[in-house]
Amino acid sequence: MQDETVVVPVDIREQTIITTDSGELHIIHEITLGDLLVSTTLFAILIFMLVSRVIRR
């Protein structure tokens with residue numbers, strides 16, 4: 001069996017390694033600009049909804 005090496009240009013601090021009976025799981029943590037825009041928009045909508053309810057009272 002040939003030893004395979006996978007090279008990923010990710011900083012080691014951005015990975016979580018989980019060891020199981022079958023082997024190791026390498027989870028890479030990253031966030032894209034689209035993820036950031038969507039989460040910021042959803043958070044802003046939530047804040048505006050809360051503010052509008054407080055103003056109506």
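A residue counts as buried here at under 20% relative accessible area, as exposed at over 50%, and as partly exposed in between (1.4 Å probe, protein chains only). By that yardstick, 0% of the 57 residues of the protein come out as buried. This is a predicted model, where local features need pLDDT of at least 70, side-chain atom pairs count only at pLDDT 80 or more, and totals for chains, interfaces and linings use all residues. Residues are numbered from 1 along each chain as its sequence is written, and side-chain values use heavy atoms, with hydrogens and water left out.

The fold reads β-β-α from the N terminus on, with two strands and one helix (DSSP runs numbered from the N terminus: H or I of at least four residues for helices, E of at least two for strands). Strand 1 (residues 15–19) pairs with strand 2 (residues 24–28) in the antiparallel sense, over five bridges; pairing takes at least two DSSP bridges. Within this ladder, Ile17 sits opposite His26 of strand 2. Four residues lie between the strands of the hairpin, and Gly23 takes a positive phi near 150 degrees there.

As for the surface, the protein exposes about 5900 Å², 63% of it from carbon and sulfur atoms (Shrake-Rupley method, 1.4 Å probe; for residues, only the protein chains shown count as cover). Phe43, Leu46, Ile47, Leu50, Val51 and Ile55 make up a nonpolar surface patch with about 580 Å² of accessible area together. Such a patch takes nonpolar side chains (Val, Leu, Ile, Met, Phe, Trp, Tyr) joined within 5 Å, from residues with over 30% relative accessible area and no salt bridge, that is, no Lys or Arg side-chain nitrogen within 4 Å of an Asp or Glu carboxyl oxygen. Leu50 belongs to helix 1 (residues 33–56), and it counts as partly exposed because its relative accessibility is 49%.

Terms used
Patch = residues over 30% accessible without salt bridge, like charges linked within 9 Å, V, L, I, M, F, W, Y side chains within 5 Å.
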